[in-house]
Amino acid sequence: MSQNQRVLLDPTSERELPIRARLPRLADLSGVTVGLLDISKARGDLFLNRLAELLEERGATIKRYAKPTFTKPAPTDLRQQIASECGAVIEALAD
Amino acid sequence: MSERPALPNGLVAFVKRDCPTCVLVGPVLAQLAKHAELTVYTQDDPSFPEGVPAIDDRDLNVSWHHKIDAVPTLVRVEEGHETERVLGWHRGDWERVSGASGLGEGLPAFRPGCGSRSVEPTLALDLAARFGGAALQSRRVELGEDEDAIEALFARGWSDGLPVVPPTERRVLAMLNGTTRPPDEVVAVVPPDLAPCSVEKVAINAVMAGCKPEHMPVVLAALEAACTDEFNIHGLLATTMGAGPVIVVNGPIRKRLGMNSGKNVFGQGNRANSSIGRALALIVRNVGGGRPGEVDRATFGNPGKLSFCFPEDEEGSPWTPLATDFGAEAGRDTVLLFPGEGPRTIVDQISRDPESLARSFAVNLRTVHHPKLPLAFDVMLAVGPEHARVFAEAGWDKAQLQQRLHELLLIPGRELVRGADGIAEGIPEGLADATLPKFKPGGILIVHCGGGAGLFSAIIGGWVNGETGSQPVLREIRS
């Protein structure tokens with residue numbers, strides 16, 4: 001018994017999270033497609049509209065995306081679409 | 001699981017000296033040994049039965065693996081496979097299984113046996129841990145000799161801030177006895193890490209939460225409900241708002257588990273109420289990886305995020321159970337998951353007619369999250385027995401109360417717009433001429449519970465409702 005009391009079972013998922021290296025920082029924005037992801041919180045669009053102006057001034061091409069709701073993670077299809085279409089992405093989190 | 005020892009071909013008997021029927025059939029076994037290939041396993045005394053060479057099974061390894069429930073048990077094994085098994089002494093059965101005749105002359109024709117030592121309640125869990133523990137797939141965490149188990153669990157970040165019960169193999173195996181579902185079955189994919197959660201992981205966390213095995217089916221159903229897209233426990237966990245999962249239990253299981261739907265229903269003191277809710281929270285933390293300050297971004301949270309689970313007082317209610325409002329058949333065991341903050345009391349000790357009391361409810365309900373914010377949040381209204389009686393005596397059913405509350409909570413837009421009442425918070429000015437309901441249709445959930453004394457009810461405010469947030473989710477509890 002005493003031996004058994006010293007052995008516990010791991011309550012976690014026991015997953016080893018993969019650590020991925022970040023992509024290299026962009027040298028400049030000209031010709032780069034920048035995705036702007038609106039998570040659908042109030043006034044996120046105001047913030048992203050202004051960012052779009054500033055980025056376009058610097059030569060970036062803007063693509064706009066939106067999550068269906070801010071309360072759930074972005075759908076996998078949306079994440080993959082952004083990854084395949086953009087060189088960078090900015091997500092507006094706050095309201 | 002440790003390897004199952006094979007039984008030899010021929011006849012195999014399991015006995016113990018402590019069983020009078022085994023003593024009775026001792027001479028029969030001696031008789032059989034002369035005529036047939038016979039192997040005897042003895043559970044308590046290797047010198048028993050006399051005159052028959054017996055194999056010592058005092059560690060019950062063979063008895064446990066072959067699921068011996070009673071002694072004597074006589075088994076026929078052919079080519080390594082059990083083909084027949086009889087329990088106790090029955091001359092006809094023994095003669096049929098052994099192929100011998102004239103067995104046990106002078107003995108009664110029939111005598112029931114005794115319980116096998118391998119199923120003695122005081123031993124069964126230790127044996128299950130010793131021989132069956134290997135079937136559990138979770139990583140083993142071996143503690144140092146001087147390490148305190150509870151402190152070790154704190155140190156690894158596996159506690160919600162209170163001590164947890166150390167999940168030993170023995171306790172987890174006992175917990176798994178509370179469900180018929182196999183340990184490796186995946187119950188749900190738990191946010192935020194989207195980690196598949198097996199019945200075994202549920203059992204481990206249920207042990208830590210202080211659950212009893214009979215609580216397991218409720219925890220399993222609550223986890224299934226919480227991890228649906230509709231309930232969206234990811235968002236509920238991640239939000240800066242203070243709500244968390246609230247579990248309402250309906251059906252006969254409330255009584256079987258001794259849950260408390262009466263005095264202090266939302267408070268401390270009942271093991272089932274407290275531990276079931278806590279188990280769900282621990283699973284989200286430990287399996288899902290949802291921890292405060294990380295994905296859990298709550299500004300305040302609420303004490304119910306440790307555990308918030310209660311049953312409805314169906315027996316004392318003048319109304320149909322909450323679960324039936326969500327499609328359950330009356331009398332079925334269910335959980336309803338609701339995204340809720342901490343409860344707040346409505347005091348009305350004067351109203352004795354339903355219209356007055358409904359109005360009291362309405363002015364309080366309007367304050368959910370903000371008196372100027374309509375439609376975005378549902379609410380659970382817990383009506384106490386003394387308030388419910390006012391409606392019952394006037395013949396108001398639940399639907400009538402809900403309807404009246406909706407009418408009383410139709411609010412002119414000019415009271416709600418930004419700037420109204422000198423308060424910047426509110427709805428856009430363009431809605432000034434509209435009339436808006438505080439709650440969407442179906443957004444007032446009514447449950448009956450609480451102690452029999454006190455002209456009180458309670459409000460459990462919701463969280464972002466509908467498809468964009470969280471919707472109440474019902475699940476049937478199955479064994």
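## The main nonpolar core

Let's start inside the protein. The largest nonpolar core has 106 residues, and B:V219, B:A222, B:L223, B:I247, B:V335 and B:L381 are the ones with the most contacts inside it. Helix α8 of chain B, spanning residues 216-226, is the top contributor to this core, giving nine residues. Residues come from both domain 1 (10-133) and domain 2 (153-476) of chain B, so the core lies between the two domains. Keep in mind as you browse that this is a predicted model.

Which residues does B:I247 touch, leaving aside those up to four places away in sequence? The list takes in B:A222, B:I276, B:G277 and B:L280, together with B:F308, B:C309, B:V335 and B:L337. Two of these names, B:A222 and B:V335, also appear among the residues with the most contacts inside the core.

## A separate core

Apart from the largest core lies another one, made of 25 residues. If you would like to find it on screen, look for B:A54, B:V62, B:V77 and B:W89, which are among its members.

## Chain B as a whole

Stepping back, chain B contains 16 helices and 22 strands. How spread out is the chain, set against a compact globule? Its radius of gyration is 30 Å, while the globule rule gives 23 Å for 479 residues; the value is well over the rule, so chain B is more spread out than a compact globule. Along the principal axes, the C-alpha atoms of chain B fill a box of roughly 100 × 50 × 35 Å.

As for burial, 48% of the 479 residues of chain B count as buried. Contacts across the sequence are worth a look too: among those in chain B with a separation of 6 or more, 75% join residues 24 or more positions apart.

## Where chain A meets chain B

Now to the contact between the chains. Chain A brings 17 residues to it and chain B brings 31 residues. On the chain A side, the elements that give two or more residues are α1 (2-5) and β1 (7-9), and β1(A) gives the most, with three residues. Sorted by class, this side of chain A has six nonpolar, six polar and five charged residues.

The strand β1(A) also pairs across the chains. Three bridges join β1(A) to strand β10 of chain B (residues 140-142), and the two strands run antiparallel. Which residue of β10(B) is the bridge partner of A:V7? That partner is B:E142.

Note on methods
Residues numbered from 1 in each chain as written. Chains lettered and ligands numbered in written order. Predicted model: local features only at pLDDT ≥ 70, side-chain atom pairs only at ≥ 80, totals over all residues. Contact = placed C-beta atoms within 7 Å. Helix = DSSP H or I, 4+ residues; strand = E, 2+ residues; numbered from the N terminus. Nonpolar A, V, L, I, M, F, W, Y, C, P; charged D, E, K, R; others polar. Pairing = 2+ DSSP bridges. Core = buried A, V, L, I, M, F, W, Y, C linked by C-beta atoms within 7 Å. Buried ≥ 20, exposed ≤ 12 C-beta atoms within 10 Å, placed from the backbone. Domains from an automatic or database assignment. Rg over C-alpha atoms; globule rule 2.2 N^0.38 Å.
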